[in-house]
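Reader: I am in my first year and would like a careful, close look at one part of this structure, with each term explained as it comes up. Please begin with the part where the chains meet and then work outwards from there.

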Amino acid sequence: MTTAGRGFLSRAGHREGFWTGPVSSARCGACHVEHYREWRRSFHARSLASEDFLNNFARYLEFRGAPRGDDPGVAMECLSCHAPVLNAAGEDAVYRVSTLALARDVENLDGYEVGCVGCHAEPSGAFSGPIARPQPNPFHASEFSPFYKEGAFCARCHAWTPSSIPCSDVYSDWQRSLAAKQGKTCQHCHMAERTGAAVAGGPERKLHSHVFPGARSDAMARQGVALGLKAGFRNDRLEVAVTARNLTPHRLPDG
Amino acid sequence: MTVADETGWEFDTVKRVYANFGVDKNGRTTGVAWEIVKRSPASTSLAAEETRVEKFSFGVEPRDARRFTVRAAMRYRYAPAPQDSSAAETGGQTMAETSLTLPGRRPLVR
């Protein structure tokens, strides 16, 4: 499962000292202030820290007969999504993250979660995004990638392939949906668009929310379903029909 | 789904659970994600863009109240609800609610 030898964690960044280990998203937040604030509220930011993950990770390793996290292949069945930077890291890094997660040492997992690097870092060392003409900056090279606007980008974790664990399988539903035919992607609902500066003092851009709201968001939950109600007496019984309309292009609930 | 009279007295409450299940390697239905090898027809989750009609029949007669209120609500719950989720305390995230009233025939008490 792991790609030992590619060595993300030991790879020097193209600016000396920028990458010397797991990069905390807080570091990106020094310039990308709003994106960082939004992301901090998201469940992506808690991909390694939520009670749900910590409990289930331990249970899964036990189920697979590797309760101490010493089988990187087994651990990566969870961590390939929950700690995506490990997909390009060595087995020692996978073991370190597994051990920290089992010890619930959440503080030291900072930088491994679904953060800036996990989604935006390219193997070249550049950071990519959906901004067509990124500004040069002294911290990292920037590249444009239209892939960030596609549902397939989210499918890396929110789809079920036979060898993976079906924690989330919304992508295959979406592919068959009317929304997909109409060109509405995951980002359309889960990354609301606005205008603003991508970095402090930068030019005005079309930006996308990094809160990634789902069913934990009251506003998002209320957009997911419409209920209709009919009732009347028949033969001295109250007969009721409730119409539940799933307004989303994926199953409800997911996972 | 709840049916109540004009005082708020609840005659009945009925729940439907929409959830995902899978089939494990031995063909058994399971809700544990990592045991699942394929989706199960036992799943009751709403499919993408599905409209589902649920019918309920209550043993309540018109003479049981002067006015009936029928309420339907859908809540999103995690199974198990994570301890760090507000939904764990509130019994779930409300997705939709609706209600209607029906006149009854209970006589006025003098």
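Author: What follows treats the meeting of the chains, and then each chain in turn.

This is a predicted model, in which local features need pLDDT of at least 70 and side-chain atom pairs count only at pLDDT 80 or more, while totals for chains, interfaces and linings use all residues. Residues are numbered from 1 along each chain as its sequence is written, and chains are lettered from A and ligands numbered from 1 in the order in which they are written.

Where the chains meet, 44 residues of chain A are in contact with 44 residues of chain B, and two residues are in contact if their C-beta atoms, placed from the backbone, lie within 7 Å. On the side of chain A that touches chain B, at least two residues each come from α3 (51-63), α8 (170-175), α11 (218-224), β5 (225-234) and β6 (237-246) of chain A. These names refer to DSSP runs numbered from the N terminus, with helices being H or I over at least four residues and strands being E over at least two. The element that gives the most to this side is β6(A), with 10 residues. Sorted by class, the side of chain A that touches chain B has 23 nonpolar, 9 polar and 12 charged residues, where Ala, Val, Leu, Ile, Met, Phe, Trp, Tyr, Cys and Pro count as nonpolar, Asp, Glu, Lys and Arg as charged, and the others, Gly among them, as polar.

The strand β6(A) also pairs across to the other chain, for 8 bridges join β6(A) to strand β6 (residues 51-58) of chain B, and the two run antiparallel. Two strands are said to pair if DSSP finds at least two bridges between them. Within this pairing, A:Val242 stands opposite B:Glu54 in β6(B). Strands of a sheet pair through backbone hydrogen bonds, either parallel or antiparallel.

Just before β6(A), in the loop between β5 and β6 of chain A, lies A:Asp236, whose phi is near 60°, a positive value in a residue other than glycine. A:Asp236 is exposed, because 11 other C-beta atoms lie within 10 Å. The cut-offs are these: a residue is buried if 20 or more other C-beta atoms lie within 10 Å of its own, exposed if 12 or fewer, and partly exposed in between, with C-beta atoms placed from the backbone. In the segment after β6 of chain A comes A:Pro253, and the peptide bond from A:Leu252 to A:Pro253 is cis, with omega near -10°.

Turning to chain B, there are 1 helix and 8 strands, and read along the sequence they follow the pattern β-β-β-β-β-β-β-α-β. In chain B, 15% of the 110 residues count as buried. Four of its strands form an open antiparallel sheet in the order β2-β1-β7-β8. At the edges of this sheet stand β2 (10-13) and β8 (93-103) of chain B, each with a single partner strand, so that one side of each has no neighbour in the sheet. Inside the order, strand β1 (residues 2-4) and strand β7 (residues 67-76) of chain B pair in the antiparallel sense over 3 bridges, and B:Ala4 has B:Thr69 in β7(B) as its bridge partner.

Chain A, on the other side of the meeting, has 11 helices and 6 strands, and its C-alpha trace spans about 80 × 50 × 30 Å along its principal axes. Of the 255 residues of chain A, 34% count as buried. One of its helices, α5(A), has A:Ala93, A:Val94, A:Val97, A:Ser98 and A:Ala101 buried. Seen down the axis of α5(A), its buried residues fall within an arc of 135°, so they line one face of the helix; the arc is that of the directions from the helix axis to the C-beta atoms. What covers these buried residues of α5(A) includes α4 (72-82) of chain A and also α3, and α3 is one of the elements that supply residues to the side touching chain B. After α5(A), in the loop between α5 and α6 (116-120) of chain A, lies A:Arg104, which has a positive phi of about 55° although it is not a glycine. A:Arg104 counts as partly exposed because it has 13 C-beta neighbours inside 10 Å.
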